[in-house]
Amino acid sequence: MSVVPEDFRYTSEHEWVAGREAEPTYRVGVTDFAQQSLGDVVFIQLPDAGTPVTAGQVLGEVESTKSVSEVYSPVSGEVVAVNDALADRPELVNSDPYGEGWLVEIQAPPGGDIPELLDAPAYRELIAPA
Amino acid sequence: MPPMTQSLFQPVLTGRHEGLGAKFAAFGGWRMPVEYAGGGVLREHAAVREAVGMFDVSHLGTVTVRGRPAVDYLNRCLSNDLDRVADGQAQYTLCCDDAGGIVDDLIVYRCAEDEVLCVPNAANAAAVVARLAGDAPAGVEVVDRHTEYAIIAVQGPRSADLLLAAGLPAGHGYLSFVRADDVVVCRSGYTGEHGYELIAPVRIAGGLWDRLLAAGAPMGVLPCGLGARDTLRTEMGYPLHGQDLSREISPLQAGLGWAVGWDKPEFWGRRALLAERAAGPRRRAIGLETLARAVPRPGMTVSAGPPGSSGAATMGVVTSGTFSPSRRVGIALTLLDADAGWRVGDEVSLDVRARPVRSRLVKPPFVPSRVR
């Protein structure tokens, strides 16, 4: 079973987003479901701080021994922080996907357009076995 | 026939794998474990390099060739020279087509002059059987026993201890095999470690798996899936048919000339391969390791010189690529144009989704072999 914390929001591409419209910085990672599907993560390609990103566009890549998966930006804005610990410890995405395994923080412009995200129950439904 | 799901064969040990929380994937027409709960590719890989791991490789085919001239007949078909080995020894060999392309690579077990057991790859077993049966002279019987046998690989520096603890023979030399009751125990494998492959009739396979797993518990044995099998074999530079070997890739291109009995008067593809040897192969297999963080994947192209070299043309392509858990770098097996003027040690550029990655050509293995 995958962990889906109540206080985060989600995309249908299996990213999570922490933060609310009132605080314009959003922390982004991949979900427990995503890391389980990927298997052991061995390499993560992320944009540098200062890079503009667009909701729905490719933000980076997460590679396991078996395959590579693209990570999509859940919001538009600018990358203001990157989780540097992942360069040496990519396995944090597996061991703590909602904590130490976070990927980037994105600052959205004030009053910026935040696309629709799934709440925890909706994401749970998305990943429920058919 | 064993049970099938969505037209995939299921190994007889499937219930054991499900009980161990395996993730499955289709491979060569079989539904096989890729990794296990509590393991994962990296832990399973480490278990084999540092202690011992167990793999169900029952997707591999089993074909018996029996009859008075069985060894002579196979010597006129398969590339390697079966007279280089004695009864009780196994040999790596190739099944080529008339054009010298590789239909399959396989291990043959020379039981006696009139009995040989062939172990082809899952996806090619039927093709190998058809070719061997099609040409067989009177008195030679070729029987496909794919679903009658299970194959369990026990691999790693503690593998001999594990077999002895399970009451099985372990002292025989590399690529030799002995029978223990109904089980054939061969000193072989696909990981580069000291190891064994056990061929057992399906009716006793479950009990054998349980016995091995229990005997290995004090040694830290882990059940290992095809994910770790792939990273382990890639670190050794062992080719995988369907990626590094195919009908379009000859033994000479793949660097497998050592598995061809060039002096034999007859074997499938002989004429084409002798011509290719005289002219020189147009492509050659060589290893590659990345010098920057990246994971090579099959199909990525390789160009001469470090990234940014002016006018660097594509020299060839990655046939297998992965992250090396032992070395913690990207590693690949590539097939490069022979006339592109490259040498081992050259810096080259690997095209990773339009990102050029500094890499170096190296001769495999990427990790020292400890099979003996």
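Q: Which residue forms a salt bridge with A:Lys66?
A: This is a predicted model. The pair crosses between chains, starting from A:Lys66 in the loop between S6 and strand S7 (68-72) of chain A. The other end sits in strand S4 of chain B. The closest N and O atoms are 3.2 Å apart, and the partner is B:Glu35.

Q: Is B:Glu35 buried or exposed?
A: Buried means under 20% relative accessible area. A:Lys66, its partner in the salt bridge, is partly exposed at 33%. B:Glu35 has a relative accessible area of 7%, so B:Glu35 is buried.

Q: How many salt bridges does the rule find across the interface of chain A and chain B?
A: The pair of B:Glu35 and A:Lys66 is a salt bridge between the two chains. Over all chains, the whole structure holds 25 salt bridges. Across the interface of chain A and chain B, the number is four.

Q: Which elements give two or more residues to the side of chain A that touches chain B?
A: The contact takes 17 residues from chain A and 17 residues from chain B. Between the chains there are 13 residue pairs in polar contact. On the chain A side, the elements that give two or more residues are helix H1 (32-38), strand S4 (41-45) and strand S6 (58-64).

Q: Which residues of chain A lose the most area to chain B?
A: Chain A and chain B bury about 1400 Å² between them. Carbon and sulfur atoms carry 44% of that area. Three residues together account for 38% of what the chain A side buries: A:Asp40, A:Phe43 and A:Thr65.

Q: Where does B:Arg66 lie, and which residue forms a salt bridge with B:Arg66?
A: B:Arg66 lies in strand S6 (residues 63-66) of chain B, and its partner lies in strand S9, so the pair ties together parts that are 49 residues apart in sequence. B:Arg66 is partly exposed at 30% relative accessibility. The closest N and O atoms are 3.4 Å apart, and the partner is B:Glu115.

Q: Is B:Arg110 buried or partly exposed?
A: B:Arg110 is in strand S8 of chain B and meets B:Asp87, which is in the loop between helix H3 (70-75) and S7. Their side chains form a salt bridge at 2.7 Å, N to O. B:Asp87 counts as partly exposed at 42% relative accessibility. B:Arg110 has 8%, so B:Arg110 counts as buried.

Q: Which residues do salt bridges that share partners join into one network?
A: Salt bridges that share partners make one network. Its members come from chain A and chain B: A:Glu61, A:Glu63, B:Arg297 and B:Arg353.

Q: Which element gives the most to the largest nonpolar core?
A: This core has 33 residues, and B:Phe55, B:Tyr92, B:Leu94, B:Tyr109 and B:Ile199 have the most contacts inside it. Elements that each supply at least two residues include strand S8 (102-112) and helix H7 (226-236) of chain B. With four residues, the element that gives the most is S7(B).

Q: What covers the buried residues of H2(B)?
A: In helix H2 (residues 41-50) of chain B, the buried residues are B:Val41, B:Glu44, B:His45, B:Ala47, B:Val48 and B:Arg49. An α-helix has 3.6 residues a turn, so residues three or four places apart point the same way. The cover includes strand S4 (30-35), strand S5 (53-56), S11, strand S15 (222-224) and H7 of chain B.

Key: Residues are numbered from 1 along each chain as its sequence is written. Chains are lettered from A and ligands numbered from 1 in the order in which they are written. This is a predicted model: local features need pLDDT of at least 70, side-chain atom pairs count only at pLDDT 80 or more; totals for chains, interfaces and linings use all residues. Side-chain values use heavy atoms; hydrogens and water are left out. Contact means heavy atoms within 4.5 Å. Buried area is the accessible area (1.4 Å probe) that two parts lose on being put together, summed over both. A polar contact is a pair of N or O atoms within 3.5 Å; within protein, one must be able to donate a hydrogen and the other to accept it, and residues adjacent in sequence count only if both atoms are side-chain atoms. A nonpolar core is a set of buried Ala, Val, Leu, Ile, Met, Phe, Trp, Tyr and Cys residues joined through side-chain atoms within 4.5 Å. Buried means under 20% relative accessible area, exposed over 50%, partly exposed in between (1.4 Å probe, protein chains only).
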